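Student: I have a structure to work through. Can we take a few questions on its strands and one loop residue?

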Amino acid sequence: MYEHASSIFGEMSALAIETDSINLGQGFPDTDGPDLIKEAAVQAIRDGRGNQYPPAHGLPKLREAIAEHQKRFYDVDLNPTTDVVVTTGASEAIAATFLALVEPGDDVVTFSPWFDLYAAAVSLAGANLIEVPLTAGLFRPDPKLLRAAITPNTRVLLLNSPHNPTGSVFTRAELTDIADIVIEHDLWVLSDEVYEHMVYDDSVHVPFCTIPGMAERTITTGSAGKSLSLTGWKVGWATGPADLIAAVRVPRQHLSFVSGGPFQWAVADGLRLPDDYWEDFRAGMQMRRDLFCSGLAELGIPVDVPEGTYFATSDVRPLGYENGLTFCQELPHRAGVVAIPHEVFHADANAGKPYVRWAFCKQPDVLKEALDRLGRAFT
């Protein structure tokens, strides 16, 4: 059973403040989302829209906008009345899904490394998280390893693509292989797709529910915090077939009940932004990725250039460290920069021991300053 320890993100963010370091650990942008959306929230407050409890399953306008978003980008048809629930961030959607779908002693299978919330949420539901390692160094899913991890106790497969922390974007072929295993073992799927609008170069985000046979089995999570760069608003959602969303709605209302009324009004407008917003957002993150990853490479710091998300991974052994945790604990004092060790994304810390994760969702000048500091420390 996973121990509900304090989060590494809080620990490292506190260390960043203590040492006046640039925080490339926690994944939040240092610039806000569109002014238009912020003004919409302010206007909603002034107009008295959302200042009291919004509807339990989410503002109808927002549920409609979420359904429109899925249709617009992926040709997924959803009934906003029955197939969508608004949550306090995608984190609540994930926790509520496990509380709804698993019983104590059940198994949830996911690929490792994984976002640390997953283990806590599975454990709070009384279930067991079974990890299947992504291919070492390449961070690709191996269907043979996945199939070997499935047992009669397995109830849910937890997917995350674009993938945190590695930045891998699973291909349609890879997802099809995974879907075959899901059908073979009659599993439900929770597909965490909060980084859906951050895919680069030739990579394409393929929602798992669009793979044949998966629509009726899959709950998909999304996040306004990630897609609109407004992480503090904590507006997320889950979508899927009516029976699964009905199940998720029951425990969800006992977690936060409701939240973010005025923000829900504004996010509905945000999801309807024109195409140029979404392309500029993606291009801006790709520019930051290229700036930071090329900068690390020029310094001789190994980096796996991500296909998606706003995270990059480095192997710190060439820098003289065998342990990423030690590296991250010393880095603020040595270089004035904060990163996150990969070992917190594994049940077996040794599996991710030499790796660290950087968050490059920062202003270009901040990234350049971080690179300068790293250069002074390691060259």
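Tutor: The questions below cover one strand with its neighbours, then one proline; the model is predicted.

Student: Is strand 6 largely enclosed or open?

Tutor: Strand 6 spans residues 188-192. Buried means under 20% relative accessible area. Of its 5 residues, 4 are buried, so the rest of the structure leaves strand 6 largely enclosed.

Student: In which sense does strand 6 pair with strand 5, and which residue of strand 6 stands opposite Leu157?

Tutor: Strand 5 covers residues 154-160. It pairs with strand 6 over 5 bridges, in the parallel sense. Opposite Leu157, in strand 6, stands Val189.

Student: What handedness does the β-α-β unit of strand 5, helix 7 and strand 6 have?

Tutor: Helix 7 is made of residues 172-185. Together with strand 5 and strand 6 it forms a β-α-β unit. That unit is right-handed.

Student: Which residue of strand 7 is the bridge partner of Leu190?

Tutor: Strand 7 runs over residues 218-223. Its pairing with strand 6 is parallel, with 4 bridges. The partner of Leu190 there is Ile219.

Student: Is Pro306 buried or exposed?

Tutor: Pro306 sits in the loop between helix 11 and strand 9. Its contacts include Thr166, Tyr200, Arg289 and Phe360. The cut-off for buried is under 20%. Pro306 has 2% relative accessibility, so it counts as buried.

Student: How far apart in space are Pro306 and Leu374?

Tutor: In sequence, 68 residues separate Pro306 and Leu374. In space, C-alpha to C-alpha, the distance is 20 Å.

Notes:
Residues are numbered from 1 along each chain as its sequence is written. This is a predicted model: local features need pLDDT of at least 70, side-chain atom pairs count only at pLDDT 80 or more; totals for chains, interfaces and linings use all residues. Side-chain values use heavy atoms; hydrogens and water are left out. Buried means under 20% relative accessible area, exposed over 50%, partly exposed in between (1.4 Å probe, protein chains only). Helices (H or I, at least four residues) and strands (E, at least two) are DSSP runs, numbered from the N terminus. Two strands pair if DSSP finds at least two bridges between them. A crossover is right-handed if, with the strands pointing away from the viewer, the path from the first strand over the helix to the second runs clockwise. Contact means heavy atoms within 4.5 Å. Lists of a residue's contacts leave out its neighbours within four places in sequence.
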